[in-house]
Amino acid sequence: MSAARGHAGGRVVSRSIVKVRDLVKDFHVTRGRGGPPAVLRAVNHISFDIQAGTTLGLVGESGSGKSTTGRLLVGLIPASSGEIELFGETITGGAGAPALAKVRSKLQFVFQDPHGSLNPRMRVGDCIAEPIDIAGGWSRGDRNDRVSELLETVGLPRAVAERFPHEFSGGQRQRIGIARALALRPDFVVCDEPVSALDVSMQAQIINLLLDLQEKLGLSYLFIAHDLAVVRSIATDVAVMYAGALVEQAPKTVLYSAPQHPYTQALLEAVPRPDPDRVRSAALGGEVPSILNPPPGCAFAARCPQAMDVCRVDRPAPRATGEGHVVACHLY
Amino acid sequence: MEPLLEVDDLTVRFRTDAGWMTAVDRVSLAVRPGEALGIVGESGSGKSVTALSILRLHAAPTTRMPTGRIMYGGRDMLTLPAREMRAIRGGEIAMIFQDPMSSLNPVLTIADQIGESLRLHQGLDHAAARQRAIDLLDLVRIPDAARRVDEYPHRLSGGMRQRVMIAIAIACRPKLLIADEPTTALDVTIQAQILDLLRDLQMELGMSVILITHDMGVIAEFARRVMVMYAGRVVETAPVGELFRRPVHPYTDGLLSAIPKLDVDVRRLPAIPGSIPDPTAVILGCRYSPRCPMVQAACRTEVPELVSAGPEREARCPPRVAMLGAVS
Amino acid sequence: MAEATATILASGEAIAARRRFRVLRKLLHHRSFMVGFIIILLMVTAALCAPLTGVDPNRMAIRFRFRPPQENWWFGTDQFGRDLFTRTLYGAQLSLWIGLSVAVLTGVLGAAIGVLSAQFRRLDSLLMRIMDALMAAPAILLAIGLGAALGPQTHSVIIALVVAYIPRTARIVRASALVTRELEFIEAARVAGASSLRIMFKHLLPNASGPLLVQSTFVFAYAILAEAALSFLGIGPPPPAPSWGNIIAEGRQFAVQSWWIMLFPGFAISLAALGMNLLGDGLRDVLDPRLKVEG
């Protein structure tokens, strides 16, 4: 599953099915007392690529903008500025809507909450077939056959189609959600915290399912999560976001073994390990800054143990520091 | 050493639409003074209900009175009159919860909320309570405490609110602090701060702590002794190092294998098949048997007993204990 | 895999079996609901059985006017000698029919307005301001004004009441739809390219059916009461067609000496409203997901 990218050794160059350039998303929050609406910059000039057949893990804490990024990528929210190119079509900007319509069948989304992601009033079969029903043009028989096929693909018995979502556990509902996402054979699936709401013993099952599907169906994923260990088990490359900015991006093994950005280092250090002998260094102080009124300079400067004067003034631009490794930090 | 708190054969049952369900099934545990006990389990394990039952905080209309005993200070708390129970809650045994957003009253200032416990248990007057509240905010490392103390909860972040909750809990220097998933709703970097704080406070105040979580990493970092629960029953207890190095119960073993690893690349996680049983489902024999890779015929019909698996170790799987004993 | 399949199906089936008729069973055990349901059932049956009396409700018999309740005339006779028992039964038909029409029409239109408001923010401001304007006046006054403008007909009563009661229903559906909108399955539908129409009618509306149903039962009760008031003021179904309100209105002049003319239809109105309220209360208790704790 290793997809070489622009490797000088003359190996196959994978194509980028997703290209994000300088993406920005602002939310306008109306304030009480009739003041001008405040601007919440949820996504702050981020750029990345995703290669076909790979998984980009997007990690960050709350307020990092990762969920917003996921939704921007499938057109659930309109971008404020910047460019998103999917399968060669630019879905941002003036001609974005028709472009999105062209590639819509190749995109899909898996949601976090197994309890809210299925309509409690619809039978499971109808939930799964919804993308088919909306697209139209399928015969009843074909549609039902596809539902059965999908249920089998995600490891559920066919009879499940006649039941209602509330009859199933969280893990089973997540499988149903995945089946729905696969209905029209997408090529790219955004998974937004798909295992966070599940019990630990169930997480492994769903992660394995997603990996199997990727192999079998040649899917590419944007896998959004706050749990670094979960991301390690599924990602090919990992990108780290902090307060709306992309601070570091690298192939998985590189990021976890040799992180460069101070935030990534602090984040990896902070995660508790199931190892009682491990001694963790003191936790990083401070809080995630308010993205309502971001301070100038690097968003992490206030908490960074290696902050320099320039960090508080200038936002660092992303710089390549190695093979597929990009860091936005004045240290480099 | 004499245990500070001893839970003996606690059973808690709830009435649901679908009939009675046993949330906690004959659970026993003991906490020594100054000890950090971790209770780990997934949903439906009964860990939270156990904790709530210690302080008799469960919802009365839907529960029958729990059976068993909860011994504290030589008396059974389950039979204490309400007035004495109230004196213990907050005064000697305190609890913090998972969701800091809903655990604080939005219309009271921080000073009022911390002060409530001080005025109640120590009879402090308003001014003294406020001063002590500021001291407590300093203790839980909230910067600018003198100003913060007069603020309302909505102005604080999740991590700060959790610190306030801790401040409220330790205000009267309780002997035991029960923390139910205190960091689950927090970001990783904030979680690390809170765990550091709890550990330091535990040492400074000499408190015992019962930490309840589903996160094995948090348990490894914090607890000295661990109790693993599954579907309402205790399946294993062990000192923390032993539990992680040599898990005995197949569930503990399966769980440790199945959790995603941060420090190594694993090709495929060995998942535990099946899912946690529905709480109202009736399962004969061992509740883990439908999913256990080493299940035997007897497991499905007889409820396994907790058997000793070494010093300070117990596991609810006689076949496995016997097997490991034979090998070592 | 087979064993896992069986387990999934079995556990799901067990849960389903318990839940499939859960609502029905809870309703049957709910005392208020059952009392209300039986009252309404009896009244509807009585109304439908009106022709069985074999008596023409409009047949006048001046010789027998103002007879108090007795063997031949269970509810007595009115100023024209018409049998009040029969008139009350036929009146039940008309009054219950008005109640039902108003409840159904209000439900349909209110639901449409509710989901449209929830789905389209700009339309929301416009529609809700209109609803606010309609709610500014007490429903009964509004209905009286409209009814007077439209003239004394059965359908004008219905129209007037529908207009007066739509705002409350619309608000309730809108509130439910706004909550549903935030759930992830709506986003899932949008990712698949669902149109607003589909979201409104396949997703928002079905999830609002609980509160809508409960509200409709209350509207039914209000409508029956309001019809009586409107008829009392002469804006109801035109005589000689008997409705409960009509009978009361006609009997007003003779209230002192012939008290029975107003008593029985009045009692019927109260009973119908009570029954519907109990039914609605019961439905709400059972359907409200927040009230899950039971003793």
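**Notebook: chains A, B and C**

Just after helix α1 of chain B, I noted that Arg56(B) takes a positive phi of about 50°. The model I am reading is a predicted one. I then looked at α1(B) itself, which spans residues 47-54 and is mostly covered, with 6 of its 8 residues buried. I listed the buried residues as Lys47(B), Val49(B), Thr50(B), Ala51(B), Ser53(B) and Ile54(B).

**Entry on the interface of chains A and B**

I looked up the extent of the interface and found 43 residues of chain B in contact with 44 residues of chain A. Between them the two chains bury about 3500 Å², and 53% of this lies on carbon and sulfur atoms. On the chain B side, I recorded that Thr189(B), Leu262(B) and Arg268(B) lose the most area to chain A, together 20% of what that side buries.

I next turned to the polar side of this interface. The count of salt bridges between chain B and chain A is 9. I examined one of them, in which Asp265(B) pairs with Arg232(A) and the closest N and O atoms are 3.0 Å apart. I also noted 25 residue pairs in polar contact across the interface.

Which helices of chain B supply at least two residues each to the side that touches chain A? I found α8 (188-205), α9 (216-222), α10 (240-245) and α11 (250-258). The largest share, 9 residues, comes from α8(B). By residue class, I recorded this side of chain B as 21 nonpolar, 10 polar and 12 charged.

**Entry on strand β8 of chain A**

I checked the burial of β8(A), residues 220-225, and found 6 of its 6 residues buried. In a regular strand the side chains alternate between the two faces of the sheet. I therefore sorted the residues by face: Ser220(A), Leu222(A) and Ile224(A) are buried on one side, and Tyr221(A), Phe223(A) and Ala225(A) are buried on the other.

I then looked up the strands paired with β8(A). Strand β3(A), residues 55-59, pairs with β8(A) in the parallel sense over 5 bridges, and Thr55(A) stands opposite Tyr221(A). Strand β7(A), residues 188-192, also runs parallel to β8(A) and is joined to it by 5 bridges. Here I noted Cys191(A) opposite Phe223(A).

**Entry on Gln260(A)**

I located Gln260(A) in the loop between α8 (252-257) and α9 (262-270) of chain A. Is this residue buried or exposed? I recorded Gln260(A) as buried, because its relative accessible area of 17% is under 20%. Its side chain makes a polar contact of 3.5 Å with that of His325(A). Among the residues that Gln260(A) touches, I also noted Glu248(A), Thr321(A) and Tyr332(A).

**Entry on salt bridges within chains**

I searched the whole structure and found 55 salt bridges over all chains. In chain A, I examined Asp126(A) and Arg143(A), whose side chains meet at 3.0 Å, N to O. Asp126(A) lies in helix α3(A) and Arg143(A) in helix α4(A), 17 residues apart. Asp126(A) is partly exposed at 26% relative accessibility, whereas Arg143(A) is buried at 7%.

In chain B, Glu312(B) forms a salt bridge with Arg224(B), with the closest N and O atoms 3.3 Å apart. Glu312(B) sits in the loop between β11 and β12 and Arg224(B) in the loop between α9 and β9, so the pair ties together parts 88 residues apart in sequence. I noted Glu312(B) as partly exposed at 38% and Arg224(B) as partly exposed at 37%. Both belong to one network of salt bridges that also includes Arg32(B), Glu35(B) and Arg225(B).

In chain C, I recorded a salt bridge of 4.0 Å between Asp78(C) and Arg87(C); both residues are buried.

How values were computed:
Residues are numbered from 1 along each chain as its sequence is written. Chains are lettered from A and ligands numbered from 1 in the order in which they are written. This is a predicted model: local features need pLDDT of at least 70, side-chain atom pairs count only at pLDDT 80 or more; totals for chains, interfaces and linings use all residues. Side-chain values use heavy atoms; hydrogens and water are left out. Contact means heavy atoms within 4.5 Å. Buried area is the accessible area (1.4 Å probe) that two parts lose on being put together, summed over both. A polar contact is a pair of N or O atoms within 3.5 Å; within protein, one must be able to donate a hydrogen and the other to accept it, and residues adjacent in sequence count only if both atoms are side-chain atoms. Helices (H or I, at least four residues) and strands (E, at least two) are DSSP runs, numbered from the N terminus. Ala, Val, Leu, Ile, Met, Phe, Trp, Tyr, Cys and Pro count as nonpolar, Asp, Glu, Lys and Arg as charged, and the others, Gly among them, as polar. Buried means under 20% relative accessible area, exposed over 50%, partly exposed in between (1.4 Å probe, protein chains only). Two strands pair if DSSP finds at least two bridges between them. Lists of a residue's contacts leave out its neighbours within four places in sequence.
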